[in-house]
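Student: Hi! Could you walk me through how to read a protein model with a ligand in it?
Tutor: Sure, let's take a look together.

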Amino acid sequence: MEQLKQRILTDGKSLEGGVLKVDSFINHQLDAHLMMDIANEFVARFNNGEGITKIITIEASGIAPAIFVGYLLNVPVVFIKKSKPKTITTAALTTSVYSFTKDKYYDMNMNAEFLNANDRVLFIDDFLANGNAALGVLDLIEQQKAQLAGMGFVIEKSFQKGYKRLKEKGIKIVSLARISSLENCQIQFAE
Ligand code: G4P
């Protein structure tokens, strides 16, 4: 997505350790117009949402793109919580995920009532890095015997192993900007 790539080049910063800082338009301050354009691109790349009944994302940064996709497809959007709220009482669905960047395990929690075997899910998130978060979501979907339509990421760091791990599972992956290298604090895109 050319517009997104240009924005990353203009406003993104490549930090030490292969981290891309995009908090002026994705991770902290948000550009709602860009988010809507991103959502339109996801919808087009997932066959206008054919057969999709639900969007799933993870708090916090996945919520913005996910909610616009849900709006366009007119389907509910569920965000997975990283802490278990008291309001999830009986039917909790959980899985444990390792965060590479934070070097610790955390729980993904959702209310099982919001996902069932009739659902065909599109997972949307801001970053694909090592793919642990995405694999955690796949686990929740499989626990409920729901179907996965595909996974859409705003930014993929192609030099990390997430893409390969998801592809090996036969998942349809759409990444709107694919970064091949952040070495020497330079941002390079994959073709
Ligand atoms: P993984 O899920 O792909 O395995 O990724 P990892 O554990 O390495 O990443 C954990 C968190 O760091 C995720 O956000 C992910 O989106 C984010 N992340 C990974 N690489 C980058 C990067 O280069 N730049 C930025 N800005 N974020 C990155 P999170 O902790 O869940 O944060 P948030 O959604 O609450 O913002």
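Tutor: We'll go through the ligand, a salt bridge and some backbone oddities.
Tutor: This is a predicted model, where local features need pLDDT of at least 70, side-chain atom pairs count only at pLDDT 80 or more, and totals for chains, interfaces and linings use all residues. Residues are numbered from 1 along each chain as its sequence is written, and side-chain values use heavy atoms, with hydrogens and water left out.

Student: Which residues come nearest to the ligand?
Tutor: A residue counts as near a molecule if one of its heavy atoms lies within 4 Å of it. Here 20 residues surround the ligand, and Leu20, Ser61, Lys82, Lys102 and Lys157 come nearest.

Student: What polar atoms lie by the ligand's oxygen atoms?
Tutor: Look for polar contacts, meaning pairs of N or O atoms within 3.5 Å. Asp126 has a polar side-chain atom 3.4 Å from a ligand oxygen. A polar backbone atom of Ala60 is 3.3 Å from an oxygen of the ligand, and for a polar backbone atom of Asn132 the distance to a ligand oxygen is 2.9 Å. The protein buries 83% of the 720 Å² that the ligand exposes when taken alone (accessible areas by the Shrake-Rupley method with a 1.4 Å probe).

Student: Which elements give two or more residues to the shell around the ligand?
Tutor: Helices (H or I, at least four residues) and strands (E, at least two) are DSSP runs, numbered from the N terminus. In this shell, the elements are strand E2 (19–21), strand E7 (120–128) and helix H4 (132–143).

Student: How many salt bridges does a search of the whole structure find?
Tutor: A salt bridge is a side-chain nitrogen of Lys or Arg within 4 Å of a carboxyl oxygen of Asp or Glu. The search finds seven. Glu41 and Arg45 meet in a salt bridge, at 3.5 Å from N to O. They are separated by about one helical turn because they sit four residues apart in helix H2 (residues 32–45).

Student: And the backbone oddities?
Tutor: Most residues other than glycine have a negative phi, and most peptide bonds are trans. Asn47, in the loop between H2 and E3, is not a glycine, yet has a positive phi of about 50°. The peptide bond from Glu59 to Ala60 is cis, with omega near 0°. Ala60 is in the loop between strand E3 (54–58) and helix H3 (63–73).

Technical notes:
A polar contact is a pair of N or O atoms within 3.5 Å; within protein, one must be able to donate a hydrogen and the other to accept it, and residues adjacent in sequence count only if both atoms are side-chain atoms.
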